[in-house]
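Here is a friendly walk through one protein model, written for someone who spends more time at the bench than at the graphics screen. Have the sequence and the structure open beside you as you read.

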Amino acid sequence: MSAITWEVFASGGFETAWPEQGEGLLRARGRAVGIEPEPYWVTYEIDTAGGFVTRGLRVTAETAGGLRTLDLLHDGQGRWTANGEPLPDVGGAFDCDLGLCPLTNTMPVLRHRLHQEPGEREFLMAWVSVPDLAVRPSRQTYTHLRPGRVRFSSGDFRSDLEFDEDGFVVDYPQLATRLTAR
């Protein structure tokens, strides 16, 4: 298993992930450190089911205020729980999006091959803010621009992301850029 490391401009930090990719599946563990919006350490594990649909995200965040944990689970039918509590606001979402984490842009792009084939898709995401680990609904659109290039937009925010052949972010202007090859 090879690692991917990004410099994360948006947090003033770095992230390293160890992804494992199979037929329609992605598993990864990662660690991130940042100083924005406050100094933090984050450790996460993510698992998907078939079609790169998120099954679970386990996150631990440490700040000066202490340790927080989140066990975000998806039942495969669009229902989510956070630490065992139902999350009706993100019902119907297939993916999670861990804030400040370029790895979590991979699942919807791979599922629809948007890094390789024309198309545009809108998604509802279970967005997890860092470092407080609050879960909120987030509408996001991914648009294929050309092979390896996908436009991400959410609300007023827009960025043209570069992906490698395996569907992992190489460059995410305003957020992060990859430092190591996969």
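How many disulfides does a search of the whole structure find? The search finds zero disulfides, a disulfide being a pair of cysteine sulfur atoms within 2.5 Å. Before going further, please keep in mind that this is a predicted model, in which local features need pLDDT of at least 70 and side-chain atom pairs count only at pLDDT 80 or more, while totals for chains, interfaces and linings use all residues. Residues are numbered from 1 along each chain as its sequence is written, and side-chain values use heavy atoms, with hydrogens and water left out.

**Cysteines**

A disulfide is a covalent bond between the sulfur atoms of two cysteines. For cysteine 96, the closest cysteine sulfur belongs to cysteine 101 and lies 8.3 Å away, which is too far for a bond. Cysteine 96 counts as buried, at 0% relative accessibility, and cysteine 101 is buried at 4%. Here buried means under 20% relative accessible area, exposed means over 50%, and partly exposed is in between (1.4 Å probe, protein chains only).

**Strands and a helix**

Helices (H or I, at least four residues) and strands (E, at least two) are DSSP runs, numbered from the N terminus, and two strands pair if DSSP finds at least two bridges between them. Strand E9 (residues 95-98) runs parallel to strand E10 (residues 120-128), and four bridges join them. In E10, valine 128 is the residue opposite leucine 98. Together with helix H1 (residues 106-111), E9 and E10 make a right-handed β-α-β unit. Right-handed means that, with the strands pointing away from the viewer, the path from the first strand over the helix to the second runs clockwise.

E10 also pairs with strand E11 (residues 135-146), this time in the antiparallel sense and over nine bridges. Alanine 126 faces proline 137 of E11 across this pairing. The two strands form a hairpin with six residues between them, and leucine 133 in the turn has a positive phi of about 65°.

**Aromatic rings**

The whole structure holds five aromatic pairs. Rings of Phe, Tyr and Trp (its six-membered ring) pair if their centres lie within 6.5 Å; planes under 30 degrees apart count as stacked, over 60 as edge-to-face and the rest as tilted. Phenylalanine 123 and tyrosine 142 have ring centres 5.7 Å apart and planes at 70°, so this pair is edge-to-face. Phenylalanine 123 lies in E10 and tyrosine 142 in E11, so the pair ties together parts that are 19 residues apart in sequence. Phenylalanine 123 is buried, with a relative accessible area of 8%, and tyrosine 142 is buried at 0%.

Phenylalanine 152 and tyrosine 172 form a tilted pair, 6.0 Å centre to centre with 50° between the planes. This pair links distant parts of the chain, with phenylalanine 152 in strand E12 (residues 149-154) and tyrosine 172 in strand E14 (residues 169-172), 20 residues apart. Phenylalanine 152 is buried at 5% relative accessibility, and tyrosine 172 is buried at 7%. Ring pairs link Phe123, Tyr142, Phe152, Phe157 and Tyr172 into a cluster.

**Charged side chains**

Side chains of opposite charge can pair when their charged atoms come close. The structure holds nine salt bridges, each being a side-chain nitrogen of Lys or Arg within 4 Å of a carboxyl oxygen of Asp or Glu. Among them are the following:

| Acid | Base | N to O distance |
|---|---|---|
| Aspartate 47 | Arginine 27 | 2.7 Å |
| Aspartate 47 | Arginine 58 | 2.3 Å |
| Aspartate 95 | Arginine 111 | 2.4 Å |

Arginine 111 lies in helix H1 and aspartate 95 in strand E9, so their pair ties together parts that are 16 residues apart in sequence. Aspartate 95 is buried, at 0% relative accessibility. Elsewhere, salt bridges that share partners join Arg27, Glu45, Asp47 and Arg58 into one network. Within this group, aspartate 47 is buried, with a relative accessible area of 16%, whereas arginine 58 is partly exposed at 29%.

Finally, one charge sits with a ring: arginine 29 lies over the face of tryptophan 18, at 4.7 Å from the ring centre. A charge sits over a ring if NZ of Lys or CZ of Arg is within 6 Å of the ring centre and within 35 degrees of the ring normal.
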